[in-house]
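User: Please take a close look at one helix of this protein and at the sheet against which it is set. I should like a connected account of how the two parts are arranged.

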Amino acid sequence: MTSLHHPSDETLVRHAAGTLGAGPSVVVEAHLAHCSRCRAAMNDFEAIGGALLEAMPEGEPPPDGLARVLAAIDRGAAIVAAPASVPPRARPDLPEGFQLPSSLDDTNFGRWRWIAPGIHISRAEGAWARASGLKLLRVEPGKRLLDHGHHGIEWTCILSGAFSDGRARFVAGDFSEVDQSVEHRPVIEGDTACICLVAMEGRMKPHGLIGRLHQMVFDA
Ligand SMILES: [Zn+2]
C-alpha cells in the first residue's frame, strides 16, 4: 500500500542516517509500514550511504561527519531494537481492532488525558519520548484542533480516521510534516475518531489565551 502524503526527503535521509530524533523516527517508521514508495526511497538512501563507505580508502578513518552519522546509526538501532523479551506495554484505551504500529512495541503510553472538548492525548513515557513530545492524539468526529503554528517541525502519522487541514485530506497511513511556515487547524472528517501519532521538534505556537492555556496542558 502506498500513501498520498509522505515525509520530506530530508526527513527520510535523516532517518536513514540515524540523525533524526527517536520520537520522529518512530512516527516515520509508522508511515514506512504503510508506504512502499518511502521504503524504496529509504533503501536507496541506505545504499548510497553504504557506497560512500565502500569508496573510502582502506584504513582511513571516516571523516568527522560520517563518524557522527555512524555513531547515530548505532544509537538509532539501540533506540528501536526491542529487548529479547518484551513485557506487556502500557496503553490507553483503544478502539476494538485498533493496533498501534510495531515501531511502538517497546514504548509505554499513559492514559488518555482531556485537553479540550473531543480532544485527548496519551503521552509516550520515557525521557527520549518526552524530549520530542511523542504522543497519541485522539480527536472526535467534527472537532477542530487548536489553531497553531510551530517553532520547529511537527511530524504526524495518521493511524485511523481522517482529517483535513485546509491544504489536503489525510487518511490512515498518511504523513504530515509541517514547519514554522505553516499555520494550520486540522478538522476531523468522517464519523470515527481520528487517532494520530505525533512528534515535534521545537514547540507549538498556539494562538490566543485559550491556546496558550492548552499549551500548558500539552507541555505538562
Ligand atoms: Zn511514503
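Analyst: Helix α2 lies across the strands β5, β8 and β10 (194-201), and its direction makes an angle of about 40° with β5. Helices (H or I, at least four residues) and strands (E, at least two) are DSSP runs, numbered from the N terminus. Contact requires that the C-beta atoms of two residues, placed from the backbone, lie within 7 Å. Axes are lines fitted to C-alpha atoms, for helices over the stretch in contact, and angles run from 0 to 180 degrees between N-to-C directions.

The model is a predicted one, in which local features need pLDDT of at least 70 and side-chain atom pairs count only at pLDDT 80 or more, while totals for chains, interfaces and linings use all residues. Residues are numbered from 1 along each chain as its sequence is written.

The helix itself spans residues 22-32; ten of its eleven residues are buried, so α2 is largely enclosed by the rest of the structure. Among these buried residues are Pro24, Val26, Val27, Val28 and Leu32, and also His31. A residue is buried if 20 or more other C-beta atoms lie within 10 Å of its own, exposed if 12 or fewer, and partly exposed in between, with C-beta atoms placed from the backbone. Of the 220 residues of the protein, 31% count as buried.

The three strands beneath discussion belong to an open sheet of six strands, with the order β1-β2-β3-β10-β5-β8 and antiparallel pairing. At its edges stand β1 (113-116) and β8 (175-178), each with a single partner strand, so one side of each is left without a neighbour in the sheet. On average, neighbouring strands of the sheet are turned by 25° against each other, direction ignored. Two strands pair if DSSP finds at least two bridges between them.

At the β8 edge, strand β5 (residues 153-160) is joined to β8 by four bridges, and the two run antiparallel. Trp155 has Glu177 in β8 as its bridge partner.

Further along the sheet, β3 and β10 pair in the antiparallel sense over five bridges, with Val139 opposite Cys194 in β10. Five bridges also join β3 to the antiparallel strand β2 (residues 119-123), where Ser122 stands opposite Leu136. Strand β3 (residues 135-139) is mostly covered, with five of its five residues buried. Both of its faces are covered: Lys135, Leu137 and Val139 lie on one side, and Leu136 and Arg138 on the other.
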